[in-house]
Amino acid sequence: MNKHAFFREFNEALMHGNITHILESVTADVTWEMIGNDTIYGRDALIEALAGMDQTMAYKLKMEHIIIDGAEAVVNGIIEVTTRLNELKTYGFCDIYQLAENDADKINKITSYVIQK
């Protein structure tokens, strides 16, 4: 597995609402902690959260760094969102990933930091 490509494709899937790809990339017991917001526990809760994403807005993703150390990775960058009212909002993000111990091809934990610029 090319881990840089794996994390690049995962982040692109998040931006484009590719739920199938996202679910294929995580374990059944995945945890996603969004600092200052919610924590999602498990694939079923993740499905529910992804289904609630507003797909009417246009997202542009620029990944600045993908840093990998064994079973851990960090991806940071910029997300630009064009709202339904044609407003441009810009966010900086940093996601920390932990791959599963028993399945190194699947994400077991995500910690996300997102701030509006």
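Q: In what order do the six strands of the open sheet stand?
A: The model is predicted: local features need pLDDT of at least 70, side-chain atom pairs count only at pLDDT 80 or more, and totals for chains, interfaces and linings use all residues. Residues are numbered from 1 along each chain as its sequence is written, and side-chain values use heavy atoms, without hydrogens and water. Strands (E, at least two residues) and helices (H or I, at least four) are DSSP runs numbered from the N terminus, and two strands pair if DSSP finds at least two bridges between them. The pairing in this sheet is mixed, and the order is 2-1-6-5-4-3.

Q: Which strands stand at the edges of the sheet, and why is one side of each left without a neighbour?
A: An edge strand here has a single partner strand, so one side of it has no neighbour in the sheet. The two edge strands are strand 2 (39-41) and strand 3 (58-69).

Q: By what angle are neighbouring strands turned against each other on average?
A: Axes are lines fitted to C-alpha atoms, for helices over the stretch in contact, and angles run from 0 to 180 degrees between N-to-C directions. For neighbouring strands of this sheet, with direction ignored, the average is 20°.

Q: What angle does the direction of helix 1 make with that of strand 3?
A: Helix 1 (residues 3-16) packs on the sheet and touches strand 1 (26-34), strand 3, strand 4 (72-82), strand 5 and strand 6. Touching means contact, with heavy atoms within 4.5 Å. The angle between helix 1 and strand 3 is about 155°.

Q: Which residue takes a positive phi in the hairpin of strand 3 and strand 4?
A: Strand 3 and strand 4 pair in the antiparallel sense over eleven bridges, and A58 stands opposite T82 in strand 4. Their hairpin has two residues between the strands, and the one with a phi near 65° is G70.

Q: Is I96 buried, partly exposed or exposed?
A: I96 lies in strand 5 (residues 88-99) and joins I35 and Y113 in a nonpolar surface patch with about 250 Å² of accessible area together. Patches take residues with over 30% relative accessible area and no salt bridge (Lys or Arg side-chain nitrogen within 4 Å of an Asp or Glu carboxyl oxygen), joining like charges within 9 Å and nonpolar side chains (Val, Leu, Ile, Met, Phe, Trp, Tyr) within 5 Å. Areas come from the Shrake-Rupley method with a 1.4 Å probe, and for residues only the protein chains shown count as cover; buried means under 20% and exposed over 50%, with partly exposed in between. Because its relative accessibility is 33%, I96 counts as partly exposed.

Conventions. Buried < 20%, exposed > 50% of the residue type's maximum accessible area, 1.4 Å probe, protein only.
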